[in-house]
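User: Could you walk me through this structure and explain the terms as we go?

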Amino acid sequence: RLEWLLLSSHRSRIATTGATRDFEAAAHQKAIWLLTNPTTEALTDPTGSNPTLPARAQQLFADSARYAPSVGRTPAVAAVGADVCAGVTQTLRVTGAPLTTVRLTIATGTGTFTSGVVAAGGAETTVVIGPDGGIDVALTSPVPGTVTVRGTFEQPTLVQVERPNVAGGG
């Protein structure tokens, strides 16, 4: 659950700015406190500036329970359903670490990514995997033949850094 919360926090840091980024950071921190110290006092906003903060932290805490099993997903791109003919949309299921990016490229054949994209479609696109570890992407080819899709997956790594105490606060 902790890893899912950290992935979620990282994604919100990339996707938000200003006060929203600060709010999300505080909510994620409170959700982590709920996970690591469940006997903590009532969840409140210590500054009193945003009464919605406790509810957001509780939602993140609940989401971490729901989506934690998706954290260890093996990165993959797979066609959903039967192969389709030219001019018909094929759904691709992209799976991997939740809330990470995947760069999809048409390696061979002719096709266009037409949905599920966060960057411009075409023969290359970038998608963000959902909180459950998956996202569906539509691929359309105007001509008969095989289309091979390659995915370049973001692979998160959890690292701990310690800073020694230094006299004088430096």
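Analyst: Happy to; here are some basics, then your questions. This is a predicted model, in which local features need pLDDT of at least 70, side-chain atom pairs count only at pLDDT 80 or more, and totals for chains, interfaces and linings use all residues. Residues are numbered from 1 along each chain as its sequence is written, and side-chain values use heavy atoms, with hydrogens and water left out.

User: Why is L99 called buried?

Analyst: Buried means under 20% relative accessible area, exposed over 50%, and partly exposed in between, with a 1.4 Å probe and protein chains only. L99 has a relative accessible area of 11%, so L99 counts as buried.

User: What makes the phi of L99 worth a look?

Analyst: Phi of L99 is near 65 degrees, a positive value in a residue other than glycine. Most residues other than glycine have a negative phi.

User: Why are α2 and α3 called oblique to each other?

Analyst: Angles under 35 degrees count as roughly parallel, over 145 as roughly antiparallel, 65 to 115 as roughly perpendicular, and the rest as oblique. The axes of α2 (residues 18-36) and α3 (residues 53-67) cross at roughly 55 degrees, so the two helices are oblique.

User: How do you know that β3 and β7 pair?

Analyst: Two strands pair if DSSP finds at least two bridges between them. β3 and β7 have six bridges, in the antiparallel sense, so they pair. One of the bridges joins R103 to T152 in β7.

Key:
Axes are lines fitted to C-alpha atoms, for helices over the stretch in contact, and angles run from 0 to 180 degrees between N-to-C directions. Helices (H or I, at least four residues) and strands (E, at least two) are DSSP runs, numbered from the N terminus.
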